[in-house]
Amino acid sequence: MITLENILVKKKDKTILSVPHFSLSKGSTCGIMGPNGAGKSTLLKTLSFLERPSSGTITFQGAEITGSVSLETRRHFAVALQQSLLLDTSVYQNVALGLKLRNRPKREIRERVEFWLQTFSISHLSKKNALQLSGGEAQRVNLARAMVLGPKVLFLDEPFSALDFPTKSKLIKDLKDIINKTETTTVLISHDLMEIKYFTENLAILIDGQIKQYGATADVLSNPNAETAAFIGEWNKMLY
Ligand SMILES: Nc1ncnc2c1ncn2[C@@H]1O[C@H](COP(=O)(O)OP(=O)(O)OP(=O)(O)O)[C@@H](O)[C@H]1O
């Protein structure tokens, strides 16, 4: 789906991301874990074309993306962050906004918004102001707002980290079901091993701007290499 080759991202002459090769297969769920400042958000911004690398090649669905990214390509991606950044209007309008900006017909907007409000179990909040929601409700609206656009790739940067355990586990389960059904390729940055273990098929361990291990999540966690073990080792042993 997306391939990176010889990617370097430099900030103020310092290399903060160096990825010789990375590929994300269609319909997969990929976790990214690593210490604070390792470059996880930078990798996510590079994969989602929000930030252009200093050098290297990015391929999307077999076509190399050079120069500026077309609006059409950008529209295949959706990003949800830890902070839901909702607008001061109703839940319905927040979810409808992206479709309105794409000039979709009114009837289609209504049908799609209603479908996604229902799918995320937030239909009852439709008329409520989005700034008056709990953290869990706001994150559901945030994810509905992303999924209503029918993205091919969904990028999630710690979307569950501010939620309490029951709220988080219910949302993760619902989102996993949705992603499986829609076969949406998904990238999840998380610091939570349980989240990663439940949600992702593949896992990349990023340390000091480099991917130190990448493979099936179960393999990476059960057979960590020395660098992965030094990062997650004790925690992994305590939990599993
Ligand atoms: N605009 C910038 N200018 C200079 N340095 C930057 C800039 N953006 C990021 N960095 C640096 O790049 C490194 C990687 O940042 P990034 O946000 O990608 O890490 P991260 O793994 O997502 O961190 P965290 O887990 O704390 O969110 C950090 O050392 C950060 O300080």
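Here is a quick tour of the domains, the ligand shell, two helices and a sheet. Keep in mind that the model is predicted. The domain assignment splits the protein into domain 1 (2-76 + 152-239) and domain 2 (86-150). Helix H1 is a good place to start, as six of its eight residues are buried and it gives the largest share of the shell around the ligand.

**Domains**
- The centres of domain 1 and domain 2, taken over C-alpha atoms, sit 26 Å apart.
- Where the two touch, nine residues come from domain 1 and nine residues from domain 2.
- On the domain 1 side, helix H6 (residues 165-182) chips in the most, with five residues.
- That side of domain 1 breaks down into seven nonpolar, one polar and one charged residues.

**Helix H1**
- H1 spans residues 40-47 and is mostly covered.
- Its buried residues are Lys-40, Thr-42, Leu-43, Leu-44, Thr-46 and Leu-47.
- Those buried residues pack against a whole set of strands: E1 (2-11), E2, E3 (29-33), E7 (153-157), E8 (185-189) and E9 (202-207).
- Just past the end of H1, Phe-49 has a positive phi of about 65°.

**Around the ligand**
- The shell holds Lys-11, Lys-12 and Ile-16, then Gly-34, and then Asn-36, Gly-37, Ala-38, Gly-39, Lys-40, Ser-41 and Thr-42.
- H1 supplies three residues of this shell.
- By class, the shell has two nonpolar, six polar and three charged residues.
- Lys-40 and Thr-42 turn up twice here: both belong to the ligand shell, and both are among the buried residues of H1.

**The four-stranded sheet**
- Four strands form an open sheet in the order E2-E1-E4-E5, with antiparallel pairing.
- Strand E2 (14-24) and strand E5 (63-65) are the edges, each pairing on one side only.
- Neighbouring strands of the sheet are turned by 25° against each other on average, direction ignored.
- Strand E4 (residues 55-60) pairs with E5 in the antiparallel sense over three bridges.
- Thr-59 stands opposite Glu-64 in E5.

**Helix H3**
- Helix H3 covers residues 91-101, and its buried residues are Val-91, Tyr-92, Asn-94, Val-95, Ala-96 and Leu-99.
- Residues three or four places apart in an α-helix point the same way, because the helix has 3.6 residues a turn.
- The buried residues of H3 pack against two helices, H4 (106-119) and H5 (135-147).
- Just after H3, Asn-103 takes a positive phi of about 55°.

Notes. Residues are numbered from 1 along each chain as its sequence is written. This is a predicted model: local features need pLDDT of at least 70, side-chain atom pairs count only at pLDDT 80 or more; totals for chains, interfaces and linings use all residues. A residue is buried if 20 or more other C-beta atoms lie within 10 Å of its own, exposed if 12 or fewer, and partly exposed in between; C-beta atoms are placed from the backbone. Two residues are in contact if their C-beta atoms, placed from the backbone, lie within 7 Å. Two strands pair if DSSP finds at least two bridges between them. Axes are lines fitted to C-alpha atoms, for helices over the stretch in contact, and angles run from 0 to 180 degrees between N-to-C directions. A residue is near a molecule or strand if its C-beta atom, placed from the backbone, lies within 6 Å of it. Ala, Val, Leu, Ile, Met, Phe, Trp, Tyr, Cys and Pro count as nonpolar, Asp, Glu, Lys and Arg as charged, and the others, Gly among them, as polar. Domain bounds come from an automatic or database domain assignment.
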